[in-house]
Amino acid sequence: MPSTDVTRERTGACIVAFFQWNTSPLQMVHRRRHLLISQICEPPTSHAFVSNQFLWQSPPYHFQVISPRITDAMAPGLLVEEPVARLPQVAKNNNEAPRHIFPDGIRTSGQHSPLYDVLKPYSEFPREIAGRTVWKRDDFINNPERWVHPFTDEEVAELSSTADAFIASGTPLTGISKENFILPKLGKVLTNLREDLLNGKGFILFKRFPADVWGPEKNAVAYMGLGTYLGYFVSQNGRGHVLGHVKDVGDDPTQIHTVRIYRTAARQFFHADDGDIVGLLCVHRAQEGGESDIVSVHNVWNILQKEHPDVAETLTKPIWYFDRKGEVSEGQEEWVRQPIVYIENGGQGRLYCKWDPYYVKSLARFSDKGLIPPLSEDQLHALKVLEATCQQEALHMVLEVGDIQFLSNAHLLHARTAYKDFAPPAPRRHLLRLWLATPEGEGGWALPMPDSHEKKRGGIQVNDTPPRAPLDAE
């Protein structure tokens with residue numbers, strides 16, 4: 001029987017298939033699984049043809065079923081098993097989004113499956129990593145001048161006047177950009193910092209931001225203005241929040257399949273966020289706890305390769321399902337399958353990490369139904385060893401009011417201890433959060449993702465939910 005290389009997916013009522021034209025009726029074998037499509041389809045003669053059911057390209061001929069009605073049109077005689085791999089969806093032109101919805105004209109790309117065909121096997125991962133991205137706690141613990149930058153009076157004055165001018169302009173906060181938030185002197189500091197965040201140690205702690213002096217609006221404007229010099233802000237949840245609020249709003253942290261842990265006082269294990277850079281501005285401290293830990297992924301990798309190579313290999317496999325916790329657009333699956341560590345798709349060939357244990361432990365509602373496999377013993381062992389190694393190597397810090405922490409999510413993981421708030425009427429612990437994108441064409445890492453070149457790559461985007469910058473938690 002003729003065979004054809006085929007990849008396909010089932011999304012709701014829609015089947016998507018890509019294959020080389022062989023014969024009709026089509027009989028295909030994919031990973032030793034037989035696929036039969038009894039409907040006879042003749043290849044077109046034109047170079048490209050688009051209908052409401054098929055997208056054709058020539059030659060070799062491929063087609064993509066893009067209509068939700070195609071399953072009815074092709075039945076009976078269509079035998080399709082559950083998909084082995086999920087293809088990335090064709091994205092909208094996110095860099096030219098409608099400005100009546102997205103004031104800066106850029107839509108957050110959102111979560112995507114990786115480009116499976118460019119993922120590297122464990123044998124191609126480095127045995128040991130060297131360079132600026134590899135650091136140990138002892139490199140910094142007694143050398144705060146290497147990673148702490150107190151804002152000078154002149155820098156605070158420049159930031160204050162620029163924030164006042166932006167507020168007076170009436171521009172919505174979601175429309176803030178480097179072009180309308182000009183910082184002639186501080187901007188140079190931030191530009192140099194951006195390079196170090198992306199290609200160096202990957203973190204900085206600013207001090208003396210007057211968060212206890214300015215009100216909520218000016219704090220938000222000044223903070224987001226700083227962020228525009230580091231990257232493009234992206235949506236952090238299904239509500240479109242581009243200004244996030246890390247605050248205990250009373251959500252139940254045991255309901256991890258629906259609850260985002262940043263909205264609770266629970267411990268956050270080592271993880272990376274869905275943005276290239278994360279920023280945290282401390283507005284109010286907790287009574288106790290809520291302290292920060294960060295670690296170099298490349299240092300952790302070196303340790304795993306020496307002491308736990310089996311764990312290192314498990315982390316490279318695209319066998320990890322990440323929960324999307326209901327924050328999905330129409331037609332998307334409830335999870336994403338991916339590895340935990342990747343090699344850049346080009347670029348400098350660096351090791352990149354994307355991880356959050358809360359998102360792989362919350363999928364029982366799907367694995368219990370047989371929709372995805374449960375975590376294996378190897379995976380459970382790997383996540384325990386990864387967390388323990390991060391704790392062993394972490395740099396600890398306490399964020400005071402007016403501190404701003406910026407971190408790379410590419411080659412750092414960060415964690416937070418559980419905390420307890422002061423009793424009312426004292427304010428609860430409150431951090432303003434930014435997720436910032438650094439596209440590949442503007443110095444960002446070459447990610448094995450379909451949106452690597454997009455300005456607002458990553459983040460969480462649900463349909464065309466507009467961006468919002470609330471001044472407090474909702």
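Start inside: select Phe-209 and Phe-406, the two residues that touch the most other members of the largest nonpolar core, which has 39 residues. A nonpolar core here is a set of buried Ala, Val, Leu, Ile, Met, Phe, Trp, Tyr and Cys residues joined through side-chain atoms within 4.5 Å. Now color the elements that each supply at least two residues of this core: α2 (153–169), α3 (186–199), β10 (203–207), α4 (216–227), β14 (277–284), β22 (404–408) and β25 (430–437). Helix α4 gives the largest share, six residues. (Helices are DSSP runs of H or I with at least four residues, strands runs of E with at least two, numbered from the N terminus.)

A quick note on what's loaded: it's a predicted model, where local features need pLDDT of at least 70, side-chain atom pairs count only at pLDDT 80 or more, and totals for chains, interfaces and linings use all residues. Residues are numbered from 1 along each chain as its sequence is written, and side-chain values use heavy atoms, with hydrogens and water left out.

Next, hop to the surface and pick Asp-310, Glu-313, Glu-377 and Asp-378, which form a negative patch. Patch residues have over 30% relative accessible area and no salt bridge, with like charges joined within 9 Å and nonpolar side chains within 5 Å. Helices α6 (309–316) and α9 (377–393) each give two or more residues to this patch.

Zoom in on Glu-377 in α9: this residue is exposed, at 64% relative accessible area. Over in α6 sits Glu-313, partly exposed at 32%. (Buried is under 20%, exposed over 50%, partly exposed in between, with a 1.4 Å probe and protein chains only.)

Last stop: add Ser-123, whose C-alpha is 8.6 Å from that of Glu-313, although their positions lie 190 residues apart along the chain.

Note on methods:
Accessible areas come from the Shrake-Rupley method with a 1.4 Å probe; for residues, only the protein chains shown count as cover. A salt bridge is a side-chain nitrogen of Lys or Arg within 4 Å of a carboxyl oxygen of Asp or Glu. Lys and Arg count as positive and Asp and Glu as negative; His and the chain ends are not counted. The place of a charge is taken as NZ of Lys, CZ of Arg, CG of Asp or CD of Glu.
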